[in-house]
Amino acid sequence: MKGVTIAKPKRKSNYERACEDIEAGRVTEYASVEDAFKDLNILI
(Lines give C-alpha, C1' and ligand atoms only; values in the text may rest on other atoms or scores of the structure.)
Protein backbone atom coordinates (compact mmCIF):
# COMPACT_ATOMS: atom_id res chain seq x y z
CA MET A 1 0.00 0.00 0.00
CA LYS A 2 1.26 3.40 -0.85
CA GLY A 3 2.30 5.60 2.06
CA VAL A 4 2.13 2.83 4.70
CA THR A 5 5.23 1.72 6.56
CA ILE A 6 5.67 -0.88 9.25
CA ALA A 7 7.66 0.30 12.24
CA LYS A 8 10.01 -2.23 13.79
CA PRO A 9 10.10 -2.25 17.60
CA LYS A 10 13.27 -0.75 19.05
CA ARG A 11 15.58 -3.44 20.42
CA LYS A 12 17.03 -2.85 23.85
CA SER A 13 20.78 -2.60 24.19
CA ASN A 14 22.74 -4.98 26.39
CA TYR A 15 23.26 -2.12 28.84
CA GLU A 16 19.51 -1.47 29.09
CA ARG A 17 18.83 -5.16 29.67
CA ALA A 18 21.57 -5.32 32.32
CA CYS A 19 20.06 -2.34 34.14
CA GLU A 20 16.67 -4.08 34.11
CA ASP A 21 18.29 -7.20 35.61
CA ILE A 22 19.79 -5.12 38.43
CA GLU A 23 16.47 -3.38 39.15
CA ALA A 24 14.61 -6.72 39.17
CA GLY A 25 17.15 -8.31 41.52
CA ARG A 26 18.39 -10.93 39.05
CA VAL A 27 22.04 -10.33 39.99
CA THR A 28 24.11 -12.44 42.39
CA GLU A 29 27.26 -11.15 44.06
CA TYR A 30 30.03 -13.40 45.35
CA ALA A 31 32.90 -12.64 47.70
CA SER A 32 35.34 -14.54 45.50
CA VAL A 33 35.61 -16.52 42.30
CA GLU A 34 35.89 -19.71 44.34
CA ASP A 35 32.51 -19.01 45.96
CA ALA A 36 30.92 -18.50 42.54
CA PHE A 37 32.42 -21.77 41.25
CA LYS A 38 31.14 -23.63 44.33
CA ASP A 39 27.63 -22.29 43.78
CA LEU A 40 27.78 -23.35 40.12
CA ASN A 41 29.18 -26.80 41.04
CA ILE A 42 32.38 -26.25 39.09
CA LEU A 43 35.36 -28.14 40.48
CA ILE A 44 38.66 -26.27 40.46
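User: Buried means under 20% relative accessible area, exposed means over 50%, and partly exposed lies in between (1.4 Å probe, protein chains only). What percentage of the 44 residues in the chain is buried?

Analyst: This is a predicted model, where local features need pLDDT of at least 70, side-chain atom pairs count only at pLDDT 80 or more, and totals for chains, interfaces and linings use all residues. Residues are numbered from 1 along each chain as its sequence is written, and side-chain values use heavy atoms, with hydrogens and water left out. Of the 44 residues in the chain, the buried share is 2%.

User: How many helices and strands are there in the chain?

Analyst: Both kinds of element are DSSP runs numbered from the N terminus: helices are H or I with at least four residues, strands are E with at least two. Helix H2 spans 33-39. The full count is two helices and zero strands.

User: What box do the C-alpha atoms fill along the principal axes?

Analyst: One pair gives a sense of the spacing: Ile42 and Pro9 are 33 residues apart in sequence and 39 Å apart in space, C-alpha to C-alpha. Taken along the principal axes, the box for the C-alpha atoms is roughly 65 × 20 × 10 Å.

User: What part of the accessible surface belongs to carbon and sulfur atoms?

Analyst: Accessible areas come from the Shrake-Rupley method with a 1.4 Å probe, and for residues only the protein chains shown count as cover. The chain has about 4800 Å² of accessible surface. The carbon and sulfur part is 56%.

User: How far apart are the centres of the positive and negative side chains?

Analyst: Lys and Arg count as positive, Asp and Glu as negative, while His and the chain ends are not counted. Each charge is placed at NZ of Lys, CZ of Arg, CG of Asp or CD of Glu. The chain has 8 positive and 8 negative side chains. The centres of the two sets are separated by 18 Å.

User: Which residue forms a salt bridge with Lys10?

Analyst: A salt bridge is a side-chain nitrogen of Lys or Arg within 4 Å of a carboxyl oxygen of Asp or Glu. Lys10 is exposed because its relative accessible area is 68%. Its partner is partly exposed, at 30%. With the closest N and O atoms 3.6 Å apart, that partner is Glu16.

User: How many salt bridges does a search of the whole structure find?

Analyst: Besides the Lys10 pair with Glu16, Glu20 meets Lys12 at 2.5 Å, N to O. Glu20 is partly exposed at 32%, and Lys12 is partly exposed at 47%. Arg26 pairs with Asp21 at 2.8 Å; Arg26 is exposed at 54%, and Asp21 is partly exposed at 30%. For the whole structure, the search gives three.

User: Which residues form a nonpolar patch on the surface?

Analyst: Patches are made of residues with over 30% relative accessible area and no salt bridge, joining like charges within 9 Å and nonpolar side chains (Val, Leu, Ile, Met, Phe, Trp, Tyr) within 5 Å. Ile42 is partly exposed at 40%, and Ile44 counts as exposed because its relative accessibility is 73%. Together the patch has about 330 Å² of accessible area. Its members are Leu40, Ile42 and Ile44.

User: What is the phi of Asn41?

Analyst: Asn41 sits in the segment after H2, and Ile42 also lies in that segment. Asn41 is exposed, with a relative accessible area of 68%. Although Asn41 is not a glycine, its phi is positive, at about 60°.
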